[in-house]
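Here are a few short exercises, each with a worked solution. Have a go at each task before you read on.

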Amino acid sequence: MAERSTAAVDVADNSGDKPLAADAAKATADGVDTQNGRAADGSMPDKDGERRKTASAAVPELHSGHKLARRYRLEECVTRLDGFSSWRAMDEKLRRAVGVHLLPADHPRARAVLAAARSSALLGDPRFVHVLDAVEENDLVYVVHEWLPDATELTTLLASGPLEPHEAYQLVSQVSQAMAAAHREGLAHLRLTPSAILRTSTGQYRIRGLAVNAALRGITSDTPQRTDTEAIGALLYAALTQRWPYENDAYGLTGLPKGVGLLAPDQVRAGVHRGLGELAMRALANDGATASRQEPPCTTPEELAKAVAAMPRIRPPEPAFTPPPEYQHTTYQQGSYGRPMPTGMPATQAVAVTPPPPLQSRTGKALKWAVAALLIAALGLGSWQLADTLLGRNNGGSGSSGSTPQTKPDDAPKEIKPGKPLRISNATVFGKEPIKPEDVDKAVDGNAGTAWITKVFYGYANFGNLDDYDDGSGIVVDLGSVQDVAGVDVDLYAAGQKVEVRAAAPEASPAHSLSDFSHEIVKLGITGKNLKTTLETPVKTRFLLVHITSLPDSGGGYRGGINEIKVLGTAE
């Protein structure tokens, strides 16, 4: 069934228009392809009904320092192409860098760009670079989006060589899942190129220009899901081979030989991961091309994401171990260190050199007398202090008030031993947006076989980097009254979570925010499956918080949880 993308809303099709400009060796930070600092002007054949509507409106003549809405200060123009311009700007209100696309309000694609930007902004998926604002003002239309200075374009990564199999697996897994989520909301990209994919410093991939990049260029497609799926296949092909899977060179990558058609990745480069190579062919399958195993082609991002999930998981490479250098035998011999060996002498023969008489000069004699004098003075001082100590001890034995009291054995500090688990009267889920509060009792029911488990978060280990979970999550336990707590024993749902345990002050009322738990019991850190600690000094408290700030990778997402919490009292 034919589909219709919202990537370019209200843009009329025109099959006779000029094809999309696609040849580029470099990409700017706003997702617009450039080559040598100028807009790329190469050609790429239309695919799957893609069409591009040309525009004749002039690019607004703006300069660095110009402010939009008295807030966004333009700093550097990174692209000026086809009737629009793209800038790096500064949001002076929030003091952060942003990207801005600008075009005249009478531009034939201005309505489509505004509609696409507003639709993209509603998605709110952390795997995409977010649209922050879309405004028509003073005969201008501008779209403001995130700027990620610490991220690296896929174009730059591929310039140094193909990706490792694990990295290529992460790329196709994350991008296909993200695009599947976008298409479920009726949004397409239609411009998925290596410059539209960013890899953050944490290893997560983010997609920029959803719907907006296509709308800026007037690109439409009758089969948007097929178009985006084939684009993901091209990205995976390039990641495995460092070649562009079409005849024309593009994005700094060499194209395939002309006239031979689509070659399998392992025919282009030796050592390509077989499963990923077949997956790329299934996504690129078109005009009769099929995968090497004759499996059906993937025609939607959803199908591609399921095919990736069905693959055996590819583990990251083991860290390279550099052995220490072998022990080097020195040629040190007494009296000859650093000197060349005599000619004709065997290397193993020791050179016997008589050392010069020590300290025979005038300076040496003076030094000897000075050392002797210091030794005599030190000996006399030590003898005097010893005698003074002995006399003071004898005087103390006669009952004088200056005697030092002896410490009794009973005064020594006692070792605190934790006792039996204290009764937990209530438990609640911590956080702005409580996660599965209906399951919280499973973490305090005395049964390690049941658990409170978080939802699956995508893109970031810190709960998807979502605002509702910026304080993390966890469980607050209520002991019913103030108790002496000597330790805790927490059985976690999975290892690799970043956890801390904190206690509220004894006089605290029901605690809810992180600041209410002022006493640190277990320091924040990555922990294993079991978290157990014994306190040197019991803590008086009624409320304790098992606080989780980061989740482990569960394969395709991040998930954690708690099986059982035990709060230990003091031994009687």
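**Exercise 1.** Is Val371 buried, partly exposed or exposed? Keep in mind as you work that this is a predicted model.

*Solution.* Begin with the relative accessible area of Val371, which is 43%. Buried would need a value under 20%, and exposed a value over 50%. Val371 is therefore partly exposed. Next, place the residue: Val371 belongs to helix α9, residues 362-396. Finally, look at its partners on the surface. Val371 forms a nonpolar patch with Leu367 and Leu375, and together the three have about 290 Å² of accessible area.

**Exercise 2.** Find Ala69 and Ala211, and work out which sign phi has in Ala69 and in Ala211.

*Solution.* Start with the background: most residues other than glycine have a negative phi. Now turn to Ala69, which sits in the loop between β5 (67-68) and β6 (72-81). Its phi is positive, about 55°, although Ala69 is not a glycine. Then go to Ala211, in the loop between β13 (205-207) and α4 (212-217). The phi of Ala211 is positive too, near 70°. As a last step, check how covered each residue is. Ala69 has 40% relative accessibility, so it counts as partly exposed. Ala211 has 0%, so it counts as buried.

**Exercise 3.** How many residues of helix α3 are buried, and what distance does α3 reach from its first C-alpha to its last?

*Solution.* First, find the helix: α3 runs over residues 165-184, which makes 20 residues. Of these 20, 17 are buried, and α3 is thus mostly covered. For the distance, go from the first C-alpha to the last: α3 reaches 28 Å, close to the 28 Å expected at 1.5 Å a residue. Then step past the end of the helix. α3 is followed by Gly186, which has a positive phi near 85°.

**Exercise 4.** Which residues does Ser120 touch, leaving out those up to four places away in sequence?

*Solution.* Locate Ser120 in helix α1, residues 110-121. With a relative accessibility of 10%, Ser120 counts as buried. The residues it touches are Val131, Leu187 and Leu210.

**Exercise 5.** How many Å apart in space are Leu94 and Arg71, C-alpha to C-alpha?

*Solution.* Look for Leu94 in the loop between β7 (84-91) and β8 (96-104). Leu94 is partly exposed, at 47% relative accessible area. Along the sequence, Leu94 and Arg71 are 23 residues apart. In space, their C-alpha atoms are 9.1 Å apart.

Notes:
Residues numbered from 1 in each chain as written. Predicted model: local features only at pLDDT ≥ 70, side-chain atom pairs only at ≥ 80, totals over all residues. Heavy atoms only, no water. Helix = DSSP H or I, 4+ residues; strand = E, 2+ residues; numbered from the N terminus. Expected span 1.5 Å × (residues − 1). Buried < 20%, exposed > 50% of the residue type's maximum accessible area, 1.4 Å probe, protein only. Patch = residues over 30% accessible without salt bridge, like charges linked within 9 Å, V, L, I, M, F, W, Y side chains within 5 Å. Areas by Shrake-Rupley, 256 points an atom, 1.4 Å probe, with all protein chains shown as cover. Salt bridge = Lys/Arg side-chain N within 4 Å of Asp/Glu carboxyl O. Contact = heavy atoms within 4.5 Å.
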